[in-house]
Amino acid sequence: MIVLFLLVFGGDTFLQWIWDLIYAERHVLRSPLFCVCAAFSTHLILSAPFMLLDVFSPHVGWLQKYRIRREVVGLHQWFQCAARILRKYVVGVLPLTALFLWVRRTQFPESAPSYFHAFRECVSCMLIFDTLFFVCHYTIHKIPWLYNNVHHIHHLNRDTFALAAQDSSISELLSLQTLAFISAMLVGCHPLSEILFHLVNTWMAVEDHCGYDFPWALHRFLPCFGGPPHHLAHHQHFKGNFAPYFRHWDYIFGTSLHISVNEKDNK
């Protein structure tokens, strides 16, 4: 929240200060190992608050009314999931990132983008990624071989939890990384805008899978976003709600699920 406040009110000066720090160590961003470690660590850090919620929610009454999945996920399941994701990062994501960095050879300008420019590029990446993801996700669900061999592992988590956002097959994890890279390349992002996009992308995936529907969740303020109820319905019913962020593609193609996902109240 502090970073968001500074971005909004600090504007271009704050972005330039951030970029100066990154630019001074720009050689690090060319390291596949650093990029993969940063991506995995970001996913863990953003998921950690929801792990604490799962630990305390059975003992704190007011938290339970915001939990929209049936079961509380234990620490053992969290640690098993983290180990699975780490293994797939080492085996799959690290080589893919090395290849991508070698092919792309990102240029690092001295000036940071303006606040508006960074915002526009980040939103553009989100819209493109949302579209590409919807098409791929819809296709995978409609072709049994693809579903069974690529996507089935992710749906083993019927009651979603934050860390499970990346609990999928290696092929699917690599596909998601590729879609994110393609989105940034199509927009032609400034490196700082691309970093912001990857951070937002990770956070949105974590929030969508968290299994909690808080009053301050993003979809409560911006109805164009699906949010945790939207994605939990997809996991519980194995159909519909194929887009990761926004709701317009599901409305356009008639795949939006108009159902309650609060299984605790329905059982």
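Below are some exercises with worked solutions on this predicted model.

**Exercise 1. Find helix α8 and describe how far it reaches.**

Solution.
- Step 1: Go to residues 191-209, a stretch of 19 residues that makes up helix α8.
- Step 2: Go from the first C-alpha of α8 to its last. The helix reaches 27 Å, which is close to the 27 Å expected at 1.5 Å a residue.
- Step 3: Look just past the end of the helix. There you meet G211, which follows α8 and has a positive phi, near 80 degrees.

**Exercise 2. Name some buried residues of α8, then take P191 as a case to study.**

Solution.
- Step 1: The buried residues of α8 include P191, L192, F197, M204 and H209. Among them are also E194, E207 and D208.
- Step 2: Turn to P191, which is found in helix α8. Its relative accessible area is 9%. Buried means under 20%, so P191 is buried.
- Step 3: Look for its contacts, leaving out residues up to four places away in sequence. P191 touches W19, T106, Q107, F108 and P109.
- Step 4: Now try A83, which is 108 residues from P191 along the chain. The C-alpha atoms of these two are separated by 30 Å.

**Exercise 3. Which helices supply at least two residues each to the nonpolar patch?**

Solution.
- Step 1: Find the members of the patch on the surface: L52, V55, F56, L75 and F79. Together they have about 470 Å² of accessible area.
- Step 2: Place them on the helices. Both α2 (32-56) and α4 (75-104) supply at least two residues of the patch.
- Step 3: Compare the shares. The largest, three residues, comes from α2.
- Step 4: Pick out F79, whose place is in helix α4. Its relative accessible area is 53%. Exposed means over 50%, so F79 is exposed.

**Exercise 4. Follow the salt bridge of K88 and D167, and say which parts of the chain the pair ties together.**

Solution.
- Step 1: Begin with the general idea. Side chains of opposite charge can pair when their charged atoms come close.
- Step 2: Find the pair. The side chains of K88 and D167 meet in a salt bridge at 3.9 Å, N to O.
- Step 3: Locate the partners. K88 lies in helix α4, while D167 lies in the loop between α6 (144-151) and α7 (170-187), so the pair ties together parts that are 79 residues apart in sequence.
- Step 4: Check the surroundings of each partner. K88 counts as buried at 9% relative accessibility, and D167 counts as buried at 2%.

**Exercise 5. Work through the salt bridges of E194 and R104 and of D213 and R220.**

Solution.
- Step 1: The side chains of E194 and R104 meet at 2.8 Å, N to O, in a salt bridge.
- Step 2: This pair links distant parts of the chain, with E194 in helix α8 and R104 in helix α4, 90 residues apart.
- Step 3: Is each partner buried or partly exposed? E194 counts as buried at 9% relative accessibility, whereas R104 counts as partly exposed at 22%.
- Step 4: Move on to D213 and R220, whose side chains meet in a salt bridge at 2.9 Å, N to O. D213 is buried, with a relative accessible area of 12%, and R220 counts as partly exposed at 47%.
- Step 5: Look for shared partners. Salt bridges join R84, K88 and D167 into one network.
- Step 6: Finish with the count, which comes to four salt bridges.

**Exercise 6. Find the residues 123-255 annotated in UniProt, then examine F238 and N241.**

Solution.
- Step 1: The unreviewed UniProt entry carries the annotation "domain: Fatty acid hydroxylase" over residues 123-255.
- Step 2: Consider the chain over this range. Residues 123-255 are 64% helix and 0% strand, and the end C-alpha atoms are 23 Å apart.
- Step 3: Find F238 in the loop between α10 (227-237) and α11 (248-252). Its phi is near 60 degrees, a positive value in a residue other than glycine.
- Step 4: Find N241, which lies in the loop between α10 and α11. Phi of N241 is positive, near 50 degrees, in a residue other than glycine.
- Step 5: Add the accessibility. F238 is partly exposed, with a relative accessible area of 36%, whereas N241 is buried, at 1%.

Methods
Residues numbered from 1 in each chain as written. Predicted model: local features only at pLDDT ≥ 70, side-chain atom pairs only at ≥ 80, totals over all residues. Heavy atoms only, no water. Helix = DSSP H or I, 4+ residues; strand = E, 2+ residues; numbered from the N terminus. Expected span 1.5 Å × (residues − 1). Buried < 20%, exposed > 50% of the residue type's maximum accessible area, 1.4 Å probe, protein only. Patch = residues over 30% accessible without salt bridge, like charges linked within 9 Å, V, L, I, M, F, W, Y side chains within 5 Å. Areas by Shrake-Rupley, 256 points an atom, 1.4 Å probe, with all protein chains shown as cover. UniProt positions renumbered as here; feature names shortened; annotations may be inferred. Contact = heavy atoms within 4.5 Å.
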